[in-house]
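Please open the model in your viewer and keep the sequence panel beside it, since each stop on this tour asks you to make a selection and then look at what surrounds it.

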Number of protein chains: 2
Amino acid sequence: MDNPATGRAGGRVTIREVAEHAGVSVAAVSKVMRDAYGVSADMRAKVESSIAALNYRPSAAARGMRGQTYTIGVLMVDIKNPFFPLLLDGISDSLAGTQYVPLIGIGRGQPTLETTIVHALIDRQVDGLILIGQRMDTAVVEVLAREVPVVMIGHHEPGATTFDSANNDDERGGALAVEYLLQQGYKRPAMITLGKDQGRADVSRKREVGFTRAMREAGFDDRTIRIAEAYEGIDDVTATVRSLIEGQEPPDAIFGWADYYALEVLSAVRSLGLRVPEDIGVIGYDNSPPCAFTQNDLTSIDQKGREIGRNAARLLLERIGGRMTAEHFIASPTVSTRGSTRRKTK
Amino acid sequence: MDNPATGRAGGRVTIREVAEHAGVSVAAVSKVMRDAYGVSADMRAKVESSIAALNYRPSAAARGMRGQTYTIGVLMVDIKNPFFPLLLDGISDSLAGTQYVPLIGIGRGQPTLETTIVHALIDRQVDGLILIGQRMDTAVVEVLAREVPVVMIGHHEPGATTFDSANNDDERGGALAVEYLLQQGYKRPAMITLGKDQGRADVSRKREVGFTRAMREAGFDDRTIRIAEAYEGIDDVTATVRSLIEGQEPPDAIFGWADYYALEVLSAVRSLGLRVPEDIGVIGYDNSPPCAFTQNDLTSIDQKGREIGRNAARLLLERIGGRMTAEHFIASPTVSTRGSTRRKTK
DNA sequence: GTGAAAGCGCTAACAC
DNA sequence: GTGTTAGCGCTTTCAC
């Protein structure tokens, strides 16, 4: 006897059983479930008490065939990057108190896996999709957005009309890093970014643009503006740092395009015997929790992850609710000052 | 015209359309999809080419109403702990090449949220559930396990017959930490663990038992065996470390029950002005990626996360395949030696 | 080996 | 305000 309330073996309680128990029609139960128009207080009370008595939970699969599943699909490129949990916190904040549950797929940095997951999510009839930092072509996303409401995080497309986005001002953030480093007395900042083969991570390009612009404004030129690519991704950061440090005119400060990379930079720099911040300054991007550890003490551009997540979910719910025009949320980055850029000798 | 292949607006390609295109019955298409018995090579070829031509993908929601959804639900207590991605890597390893996709829910350390997510996953007709580090009563899990195959990670229940589990030998791991610290010349190891109010994290208790046993065997007694609880969880580690260090007979080594906590211990200890490993040794548990950073350089008990994940998924697939007896996988922990316990002065 | 048809648990028209 | 009923897209008997 599987279900103590019904005595039925093997199956769950269905809407039909609830209707029988309450002495009403299945349509009435359905309406109560969905807060739909046209139920008397009396009926609502009866139905709700039957739902509670039978411990009824509607099948999302069945609901999905006609209406909504109350599921939000979230595609995260990567679960190891310590920034992403902040976004998820924000998304959860906005979803708390609603019927919606976020279900997450991890792309693990593999484009084919990302596609598989997005399809898997859509096949499961999610009501909306939040895409975090993935690297599909805009055209592909526009096709998706016709099937289901989409909000992108980590991808700037201010002209997009079929989907929304939530980001911070990455160009401004890149410039902020330069301004702050120079102000601290560093003379030759360099930047470490994603390799071009690692896909078109839109935000890293924006940060490069901001970095370059601010460097130019400070009097640097194409020869002295150094942007090194970690071709193989995160595993390649150490080698990239080494070639920078051991090369001609080594930098005295390094801007890592994301904390996840900047923490590797810290590690690489220290294993080369350099002192941070005296010999070399390091600044990251994201202001993720590990920055605050004493052993990292990493200055970082705060892109307001939680705020971005909150707004992404808000925009998605609005889309699901029927909004047809696009909205693009932009948070303002700030500098979170810590020890990794505190130069003693000016 | 939404779908270029069909010209139908607004909807997806259905099994009926594939059947018409291939000139066969819907039953035939269904059989091909599921590799079921009773299809000729000829028919299979026709159907498969129609599937490809129409770019057909079956609706998981509809499939779920009668058969399988080919979805594995994963409940993770927390996404911030850097150990969990290793488990996920292992799970993905085992699922690669199958039709199954893992969909993840994050409990964020909130028991009510965990329950909500497990229900949400079951309501969405997942074919199986992997529960990572959650803290439900065994009785509750046994009820779940009657509805759907369940594998638990981070919860020891060797006598459980209704669900499987995959773990490492946490008692052995706890003892290993002590043995290694003493061997390195440390004289007064202490342990930092979860507060009891933080729920019954089974693995932390096991590690305490191993720690205590090894300490006893080394001649310590109840007065000198120190296990401090971070009552409020991760945010409370710094305060706990401080009270340990500033108290009577401070320890000269600290064993953090998980890297996630041990990294906080490192931070706290250093912010108190102590040198690691000279003044105090620190050892963690999990051997998660951040241990390898030069600035952390954290010795850790390796519980073989990826191996655990791989086996958890393997066990789950076997259960889904029909195995009715329980299996409990146990990995053997080892010490990953790094700088945080390398004492110069013996 | 193949296909017709019932039905999974819901939602939404529509009739009352 | 309430109930009846036709599907949603599949899987699965069960005839043929």
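Begin with the two protein chains of this predicted model, and select the place where they meet: 38 residues of chain B are in contact with 39 residues of chain A. On the chain B side, colour helix H4 (60–66), helix H5 (84–95), strand S2 (101–106), helix H6 (111–123) and helix H11 (259–271), each of which gives two or more residues to the side that touches chain A. If you then colour that side of chain B by residue class, you will find 17 nonpolar, 13 polar and 8 charged residues.

Next, superpose chain B on chain A, which takes a rotation of 180° with 0.0 Å of shift along its axis and leaves an RMSD of 0.1 Å. The two copies are therefore related as by a two-fold rotation axis. Because 100% of the interface residues of chain B are also interface residues in chain A, the copies meet through the same surface.

Now select DNA strand D and display what lies around it: 28 residues surround the strand, and the closest are Ala27(A), Met65(A), Ile15(B), Ser30(B) and Arg66(B). In chain A, highlight helix H2 (26–34), helix H3 (41–54) and helix H4 (60–66), and in chain B highlight helix H2 (26–33) and helix H4, as each of these supplies at least two residues of the surface near DNA strand D. Which element gives the most to this surface? It is H2(B), with 5 residues. Finally, colour the surface near DNA strand D by class, where the residues divide into 14 nonpolar, 8 polar and 6 charged.

Note on methods:
Residues are numbered from 1 along each chain as its sequence is written. Chains are lettered from A and ligands numbered from 1 in the order in which they are written. This is a predicted model: local features need pLDDT of at least 70, side-chain atom pairs count only at pLDDT 80 or more; totals for chains, interfaces and linings use all residues. Two residues are in contact if their C-beta atoms, placed from the backbone, lie within 7 Å. Helices (H or I, at least four residues) and strands (E, at least two) are DSSP runs, numbered from the N terminus. Ala, Val, Leu, Ile, Met, Phe, Trp, Tyr, Cys and Pro count as nonpolar, Asp, Glu, Lys and Arg as charged, and the others, Gly among them, as polar. A residue is near a molecule or strand if its C-beta atom, placed from the backbone, lies within 6 Å of it. Copies are superposed by least squares on the C-alpha atoms of residues with pLDDT of at least 70 in both.
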